[in-house]
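Trainee: I should like to understand how the descriptive terms for a structure are justified. May we go through them one at a time?

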Amino acid sequence: MAIGGWKCLLLAAVTLQLAFAAVQKVRLADGDAESEGRVEVYDSDRWFTLCGNDWTIPAARTVCRDLGFGDVKFPKSTYAMRTSFFGKGSQTIYPRGFACWADSASLSECRETRVRCGLGDDVASVFCKDRVRLSGGAVLHQGRLEVLRDGVWTTVCGRSWGDPEAQVACRQLGFPGAVDWRWSDEYFPRAPEGVPTPQYVLACNGSERSLLNCNRLQVGDCSHSEDVGLLCEGQFCPLLFCVDVVSSRATVVICSINAPS
């Protein structure tokens, strides 16, 4: 009985191990930004697409987390993520699906499931929140610039910051370009307590697609008084108090919820 029991335990352990995915790498393809695209996984020396019929929000969140992005952009809708939004690609659909948990760090930590896809069926996509955001502004295209680093949002040091860096940041945020940049403290609320101070400055030439492609120079002593505030191209602010700030190129309109006393 004891030997039979050990055999059962061994079989259960092997079965449990095989139930988890063997995916080695994941990437996003054919998106308009690095944070979105068709999901492709690498296994057994080749890339595969994933079945769209079985794609879920937990699996999409796991991919975004694994690639270093924030949450998914549309957590209540999977329609676009299941319908080959970025094309079907040329790879074969992966023969297994993924049942992920809320804290799964990668698809390799998810349980494998059977797929309900055949040749020519729709494949999975994701729209992840980007690694950059604007905070503290009255409108979406203005605010304190923050970047996601190792799962923590930090501000950006404004030393040596200029128009090339501002243009790259605004394009990465999905805006046509930058109008101007300012010290964040001058127009936007200071970063809340607990937000780390930046430890490096960014140096861009203006042609980069993302701030991740710019050079990083360590500084180590930047304070929140040197945080970058961005004013990207976008719709201006009706029904809000607006402050006109003259820049070297144009009059910049900074939106505020309250007029000054």
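Mentor: The structure holds 6 disulfides. This is a predicted model, in which local features need pLDDT of at least 70 and side-chain atom pairs count only at pLDDT 80 or more, while totals for chains, interfaces and linings use all residues. Residues are numbered from 1 along each chain as its sequence is written, and side-chain values use heavy atoms, with hydrogens and water left out.

Trainee: Why is the link of Cys 170 and Cys 232 called a disulfide?

Mentor: The term applies to a pair of cysteine sulfur atoms within 2.5 Å. The sulfur atoms of Cys 170 and Cys 232 are 2.0 Å apart, and the two form a disulfide. The pair links distant parts of the chain, with Cys 170 in helix 4 (residues 163–172) and Cys 232 in strand 13, 62 residues apart. Helices (H or I, at least four residues) and strands (E, at least two) are DSSP runs, numbered from the N terminus.

Trainee: What makes Cys 170 buried?

Mentor: Buried means under 20% relative accessible area, exposed over 50%, and partly exposed in between, with a 1.4 Å probe and protein chains only. Cys 170 has a relative accessible area of 0%, so Cys 170 is buried. Cys 232 has 1%, and therefore Cys 232 is buried.

Trainee: How do you know whether the disulfide of Cys 204 and Cys 214 is left-handed or right-handed?

Mentor: The torsion about the S-S bond of Cys 204 and Cys 214 is about 105 degrees, so this disulfide is right-handed. By contrast, the link of Cys 170 and Cys 232 has -85 degrees about the S-S bond and is left-handed. Cys 204 has 11% relative accessibility and therefore counts as buried; Cys 214, at 6%, also counts as buried.

Trainee: What makes strand 13 mostly covered?

Mentor: Strand 13 spans residues 228–232, and 5 of its 5 residues are buried. Val 228, Leu 230 and Cys 232 point one way, whereas Gly 229 and Leu 231 point the other way. In a regular strand the side chains alternate between the two faces of the sheet.

Trainee: How do you know that strand 8 and strand 13 pair?

Mentor: Two strands pair if DSSP finds at least two bridges between them. Strand 8 (residues 142–149) and strand 13 have 3 bridges and pair in the antiparallel sense, with Gln 142 opposite Leu 231. Strand 10 (residues 178–183) and strand 13 also pair in the antiparallel sense, over 5 bridges; here Trp 181 stands opposite Leu 230.
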